[in-house]
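Student: I should like to take a close look at a single part of this protein and then see how its surroundings are arranged. Please guide me through the model step by step.

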Amino acid sequence: MKKVNKFKLLAAGLLIGVAFWLLGSDFFTFMIWWEILWILGLVFMPITAQIFKGFDDNGWMNSKVIAIVICGYGVWILTSIKVVHFTTLSSVVITTLCGGSSIAYGIYGKQRKVFPWKHMELVYWEEVIFFVVFLLWTYMAGFHPAAHGTEKYMDFGFMKSMMRSTTLPSEDMWYAGKAFNYYYGGQYFAVFLTKLTGTKVEITYNLMRTMIAAFAFVLPFSLVRQMLKDKLGKRGRAWITDFGGILAGLSVSMSGNLHYIIYGKIFTLLGIREDYWFPSTTRFIGFDPPVTGDETIHEFPSYSFVLGDLHAHVINVFFGNLKRYLNSTDMKPSDMRTGIKWSVVQWIELLLTAVLISLPFHLQFKSVMVQGIGIVKIHTAFYQFCVLWAFPLLICGLFVVSTLIKNRNFTNKKNRNLFYKINVSDLYGVVLSLCAMGLILIPEIIYVRDIYEKTAPRANTMFKLTYQAYILFALMMSYILVFFVADRIKILQETKLDNRYEKKVRLSKVQITVGGMAIILLISTCGYFVNATTNWFTGFPLKNKYQTLNATAYIENAIPEDAAAIRWLNKNITGQPTVLEACGDSYKDYDNRVSAMTGLPTVLGWYVHEWLWRNNLDEENKRRTDVETIYTSTDKKEVQELLDKYEVNYIFIGSCEYQKYEGVNVALLSSLGEIVFKKENTMIVKL
């Protein structure tokens with residue numbers, strides 16, 4: 001035992017040493033986050049162990065997430081209702097109180113099985129897996145760390161704004177005088193952990209997404225491993241359940257879909273396609289070939305983790321209650337009614353709880369993005385639907401049908417109990433599979449109407465729903481395929497020596513072959529991850545190409561004069577005074593780089609995004625005109641009145657302003673206050 005412990009300590013020390021060697025100056029922030037996650041997970045085990053008491057590891061990895069959610073929500077709710085300020089101190093105090101409550105629950109609740117002492121080997125290796133995957137993603141992020149491109153300006157701007165703010169929601173950096181009118185949960189939790197640990201947002205912007213990517217591997221590992229163990233029972237050897245867990249981790253966090261196999265490999269090899277660019281797998285329907293009025297989005301985790309955007313993106317209890325109340329040989333009609341009754345009660349409880357928990361957000365949120373529900377007019381081409389979903393639909397569909405047929409038990413003509421004696425893992429799998437199927441079918445029937453309705457009516461609906469479907473399918477395919485092959489191998493071993501089962505032996509061999517090929521196909525989709533990282537993370541894995549995790553360092557070379565001015569603002573300005581900069585267009589290079597990189601509000605930022613969030617084009621257009629007037633007018637009185645109207649404290653004059661507005665009146669603007677920064681043509685005027 002001592003030798004084993006020494007080996008484990010040596011392995012842990014080696015991993016830490018490798019992390020130090022790879023990450024350099026980013027190592028300490030990485031370790032601070034890993035350590036706080038470890039401590040929080042440990043402290044919240046009394047609560048987690050109660051929720052995951054059927055798991056071998058008592059939910060060890062889930063405890064980290066539960067801790068972040070409870071503590072982060074505690075800080076958010078108390079800040080939102082104006083009880084505390086959103087500061088490092090309040091984050092530490094509230095987290096300490098929440099952690100103390102968890103410990104007290106464990107002590108006074110007299111819980112005896114808080115820690116999985118019999119399965120500490122599993123806990124150790126789960127922690128190793130988490131550390132390794134967290135380190136891998138973090139190291140890769142250092143090859144493309146810039147908060148620049150796609151919606152990174154928005155994500156980083158949200159984080160910088162909340163870092164500056166002591167209230168929630170904080171001020172919209174792209175709409176001075178107004179708070180965020182968009183969901184900001186993902187960015188909030190990143191800022192909460194940043195304030196809690198006293199680290200820098202320029203680093204943790206990237207660290208948050210790499211942490212999520214690590215959880216996206218280890219949590220599926222824990223779930224599917226346990227499902228397989230519960231399903232296989234004594235037949236389940238450790239390597240089988242572990243393999244299933246690893247396959248689930250890969251499938252959720254690092255796989256692609258058959259589009260990569262067909263278009264990225266087969267068509268490329270056959271010369272039908274000359275090249276393959278990894279984002280095309282997420283922009284297939286409506287783009288290839290182009291379909292006017294039906295541009296869609298069907299992203300999945302590995303794409304998001306590689307790209308680096310930091311967006312915020314429940315299984316119902318109905319079937320569980322049916323099993324609970326019908327699990328008897330003398331099932332009566334009243335049992336069915338009882339199961340349905342309690343399901344309805346729990347649905348209502350869940351809805352009310354969700355409403356109460358999110359009420360402070362909704363009271364401050366003006367719902368203008370959604371204009372109702374529309375009926376889909378242009379549907380996905382059948383072959384495109386098959387390219388994206390045929391593989392998981394075939395696997396999960398066959399599983400659902402076979403499970404329900406196998407477990408049907410008609411005790412009388414009036415009642416049909418499809419859930420009698422069904423294995424809990426299978427029951428859970430059926431529910432997840434049906435949910436996934438529903439999520440991919442809904443965008444073929446209805447969509448949520450928004451400002452993109454003319455060109456991309458289904459885009460947001462498909463994006464939000466199929467993203468979750470992808471995760472559910474990935475979990476279930478791993479569970480189904482590994483169990484199927486393991487079960488057929490066991491059958492083959494039991495029957496191959498008996499001539500009476502010759503047909504069964506042949507069938508089992510065919511099934512094992514088919515199942516094995518399906519597993520290989522599923523694993524092969526992880527080639528998408530390899531392709532994406534090769535294309536996106538330039539220089540990876542060469543250590544001398546590692547740039548650091550700093551999300552803002554790129555601007556020093558991209559726009560050096562502006563970078564120096566932005567650095568001055570971050571160093572010298574506290575709070576959130578308004579800084580005027582040129583109005584920007586969504587996704588355009590360096591537009592609204594000042595507000596995004598500082599979190600300081602400007603009069604108007606990304607035009608289309610603010611249109612989506614507020615749906616008030618009259619006000620937006622007015623602001624855009626006023627900003628241009630301020631920069632170009634020769635009427636000092638008019639300019640001063642507009643500056644007063646928007647309570648502008650600083651005027652930023654730099655590369656984008658000269659590009660956007662012909663004839664920027666530098667002389668007039670500089671005469672309105674004090675020039676507090678100047679480098680070449682870039683200056684900041686304090687009013």
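Student: In which loop does T199 lie? I would be grateful for a connected account that starts there.

Tutor: T199 lies in the loop between helix 8 and helix 9. Please bear in mind that the model is predicted. The mean pLDDT of the protein chain is 89, and 92% of its residues reach 70 or more. Over residues 326-331, however, the pLDDT is below 50, although this stretch has 14 contacts in the model beyond near neighbours in sequence.

Let us begin with T199 itself. With a relative accessible area of 12%, T199 is buried, because buried means under 20%. Its side chain makes a polar contact of 2.7 Å with the side chain of T197. If residues up to four places away in sequence are not counted, T199 touches T29, I32, W33, L193, T194 and T204.

From this loop the chain continues into helix 9, which covers residues 201-232. At 1.5 Å a residue, the 32 residues of helix 9 should span 46 Å, and the end C-alpha atoms are 46 Å apart, which agrees. Of these 32 residues, 28 are buried, so helix 9 is largely enclosed by the rest of the structure. The residue that follows helix 9 is G233, whose phi is positive, near 60 degrees.

Next we may consider helix 10, residues 238-253. Its 16 residues should span 22 Å at 1.5 Å a residue, and the distance of 23 Å between its end C-alpha atoms agrees with this. The buried residues of helix 10 include I240, T241, G244, G245, L247 and A248. Among the elements that cover the buried residues of helix 10 are helix 9, helix 6, helix 12, helix 17 and helix 18. Helix 9 thus appears again here, as part of the cover over helix 10.

Between helix 10 and helix 11 (258-269) there is a loop that holds N257. N257 is buried, with a relative accessible area of 8%. A polar atom of the N257 side chain lies 3.0 Å from the backbone nitrogen of H259. Leaving aside neighbours within four places in sequence, N257 is in contact with T281, F300, L388, Y470 and T525.

One of these contacts, L388, leads us to helix 15 (residues 382-407). The axes of helix 11 and helix 15 come within 7 Å and cross at roughly 125 degrees. The two helices are therefore oblique to each other. On the side of helix 11 the contact is made by L258, H259, I262 and Y263, and on the side of helix 15 by Y383, V387, L388 and F391. One general point helps in reading such lists: an α-helix has 3.6 residues a turn, so residues three or four places apart point the same way.

Helix 6 (120-141), which is part of the cover over helix 10, also packs against helix 4 (residues 60-80) at an angle of about 55 degrees, with the axes 9 Å apart. That makes helix 4 oblique to helix 6. W60, M61 and K64 in helix 4 meet V123, E126, E127 and F130 in helix 6.

A further loop, between helix 19 and helix 20, holds F540. F540 is partly exposed, with a relative accessible area of 29%. Not counting residues up to four places away in sequence, F540 touches L136, Y139, M140 and F143. The loop between helix 19 (527-536) and helix 20 (555-558) also contains T548. T548 is not a glycine, yet its phi is positive, about 100 degrees. With a relative accessible area of 25%, T548 is partly exposed.

Finally, some backbone details deserve attention. N592 also has a positive phi, near 60 degrees, in a residue other than glycine. N592 is found in the loop between strand 3 (578-580) and helix 22 (593-598), and it is buried, with a relative accessible area of 1%. Turning to peptide bonds, the one from L168 to P169 is cis, with omega near -5 degrees. P169 is placed in the loop between helix 7 (152-164) and helix 8 (185-197). The peptide bond from D288 to P289 is cis, with omega near 5 degrees, and P289 is found in the loop between helix 11 and helix 12.

Technical notes. Residues are numbered from 1 along each chain as its sequence is written. This is a predicted model: local features need pLDDT of at least 70, side-chain atom pairs count only at pLDDT 80 or more; totals for chains, interfaces and linings use all residues. Side-chain values use heavy atoms; hydrogens and water are left out. Helices (H or I, at least four residues) and strands (E, at least two) are DSSP runs, numbered from the N terminus. The expected span of a helix is 1.5 Å times one less than its number of residues. Buried means under 20% relative accessible area, exposed over 50%, partly exposed in between (1.4 Å probe, protein chains only). pLDDT is the predictor's confidence in each residue, from 0 to 100. Contact means heavy atoms within 4.5 Å. A polar contact is a pair of N or O atoms within 3.5 Å; within protein, one must be able to donate a hydrogen and the other to accept it, and residues adjacent in sequence count only if both atoms are side-chain atoms. Axes are lines fitted to C-alpha atoms, for helices over the stretch in contact, and angles run from 0 to 180 degrees between N-to-C directions. Angles under 35 degrees count as roughly parallel, over 145 as roughly antiparallel, 65 to 115 as roughly perpendicular and the rest as oblique.
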